[in-house]
Amino acid sequence: MRLRRPLLALGAPVVVLLGCVQPPEAPAGPGVGDPERGAVLMVREACGACHEIPGIQEAEGQVGPPLHGVARRTIIAGVLPNTPDNMTRWLRDPQAVVPGNAMPNAGLSEQQARDMAAYLATLR
Amino acid sequence: MPHHPPPWLKLALAWGAGIATVGIVALVIVCFGYFDTTASTPHPPLVAWATHMTMKNAVRRAAAKMPPPSQFTAASVQRGFAIYDTNCEACHGGPGVPRAAWVSGMTPSPPFLLGAARQWTPNQLFWIVRHGVRMTGMPAWDQTLSQADVWHVVAFLEALPGYSAADYARLRDRTQLAARDAARRAKSESDPDR
């Protein structure tokens, strides 16, 4: 015990630091997107392999359009007016919106797509 | 007479204390498990940057020593696609083709490879496929694929930026038809009644 106390005291700041990088549990309701959860999902779904996305780690892809200022864009994928509902629809089913385009249907839930759309809405 | 330690000793002590602190912090992390080893959250940005950068530079360094490959043929691309379809697509997807659903539970997340040929040279791709990537879930394919087969996969990846989702779907149909025909032929040849 005598040895453990100072070790714990030294470890505590490390624990605090590591704790900071955990995403907070965000209890967003249905229909409301949570941008923080959306950002985590963008990493998980490897969106950055094809798109440059500000604020998303390693998101330097040059396959699809870069998403800088996507919140200010007028039209999504050349066909849909840029609204939260349409962005959610596009993310859930890009193959239905533009059949044969390179972006796959990733099997996102409605809430997951809303969260990602909410993150994209922060990119002004 | 007051005793002043010489400046070099002060410097040495400061360095020693610094190094000891880093060592103790590292030891605490290792011995008490103060590090998130779960795959349910992405890497912290610094870890993501450091690990990915190390990997990129290690691949560049290793692949620079390899001789350049010979010209890729259409047959090689076709064979590479068949191998990709069987072994790679579940984790890496394709144009208009999603990854398997469970892949989004992986940390780090396996990338789509539509832009891989623009990011890596053929030698680098060969190195990555053949030797895998530690701590990512990417296997070393030298355990199950010949060197020639790995080159076929590279040939396919080099051709991939030129494929639309429709091209890719056609290639897949053609490859699966060819595989079915080959299986049928093999079966009828081994069947003594025919």
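In this predicted model, B:Arg79 and B:Asp149 bring their side chains together in a salt bridge, with 3.7 Å from N to O. B:Arg79 sits in helix α3 of chain B and B:Asp149 in helix α7 of chain B, so the pair ties together parts that are 70 residues apart in sequence. The two partners differ in how much of them shows. B:Arg79 has a relative accessible area of 41% and is partly exposed, while B:Asp149, at 16%, is buried.

That pair is part of a longer list, as a search of the whole structure turns up 10 salt bridges over all chains. Chain A has its own share of the story. There, A:Asp85 and A:Arg114 form a salt bridge whose closest N and O atoms are 3.0 Å apart. A:Asp85 belongs to helix α3 (residues 84-92) of chain A and A:Arg114 to helix α5 (residues 110-120) of chain A, so this pair ties together parts 29 residues apart in sequence. A:Arg114 is buried, with a relative accessible area of 14%.

A second link joins the two helices: the side chains of A:Arg92 and A:Glu110 meet in a salt bridge at 3.1 Å, N to O. Here A:Arg92 comes from helix α3 of chain A and A:Glu110 from helix α5 of chain A, so the parts tied together are 18 residues apart in sequence. Both side chains can be reached from outside to some extent, since A:Arg92 counts as partly exposed at 35% relative accessibility and A:Glu110 is partly exposed at 37%. Put together, A:Asp85, A:Arg92, A:Glu110 and A:Arg114 are linked in a network of salt bridges.

Back in chain B, attention turns to the nonpolar interior. The largest nonpolar core holds 29 residues, and B:Tyr84, B:Phe156, B:Leu157 and B:Tyr168 are the ones that touch the most other members. Several helices of chain B feed into this core, with at least two residues each from α2 (45-63), α3 (74-87), α6 (122-131), α7 (147-159) and α8 (165-190). The largest share, 7 residues, comes from α7(B). B:Leu157 gives a feel for how the packing works: leaving aside its neighbours within four places in sequence, B:Leu157 is in contact with B:Tyr84, B:Leu113, B:Ala117 and B:Leu125. Apart from this core lies another, of 23 residues, with A:Ile53, A:Ile56, A:Leu80 and A:Met87 among them.

Nonpolar side chains also turn up on the outside. B:Trp8, B:Leu9 and B:Leu13 make a nonpolar surface patch of about 350 Å². B:Trp8 has its place in helix α1 (residues 7-32) of chain B, and with a relative accessible area of 61% this residue is exposed.

Finally, there is the meeting of the two chains. On the chain B side 36 residues are in contact with 30 residues of chain A. The area buried between chain B and chain A comes to about 2,400 Å², and carbon and sulfur atoms give 67% of that. In chain B, the residues that lose the most area to chain A are B:Tyr34, B:Pro42 and B:Phe112, which together account for 21% of what that side buries. As for charged pairs, the rule finds 1 salt bridge across the interface of chain B and chain A. B:Arg99 and A:Glu45 form a salt bridge, with their closest N and O atoms 3.8 Å apart.

Note on methods. Residues are numbered from 1 along each chain as its sequence is written. Chains are lettered from A and ligands numbered from 1 in the order in which they are written. This is a predicted model: local features need pLDDT of at least 70, side-chain atom pairs count only at pLDDT 80 or more; totals for chains, interfaces and linings use all residues. Side-chain values use heavy atoms; hydrogens and water are left out. A nonpolar core is a set of buried Ala, Val, Leu, Ile, Met, Phe, Trp, Tyr and Cys residues joined through side-chain atoms within 4.5 Å. Buried means under 20% relative accessible area, exposed over 50%, partly exposed in between (1.4 Å probe, protein chains only). Helices (H or I, at least four residues) and strands (E, at least two) are DSSP runs, numbered from the N terminus. Contact means heavy atoms within 4.5 Å. Patches are made of residues with over 30% relative accessible area and no salt bridge: like charges are joined within 9 Å, nonpolar side chains (Val, Leu, Ile, Met, Phe, Trp, Tyr) within 5 Å. Accessible areas come from the Shrake-Rupley method with a 1.4 Å probe; for residues, only the protein chains shown count as cover. A salt bridge is a side-chain nitrogen of Lys or Arg within 4 Å of a carboxyl oxygen of Asp or Glu. Buried area is the accessible area (1.4 Å probe) that two parts lose on being put together, summed over both.
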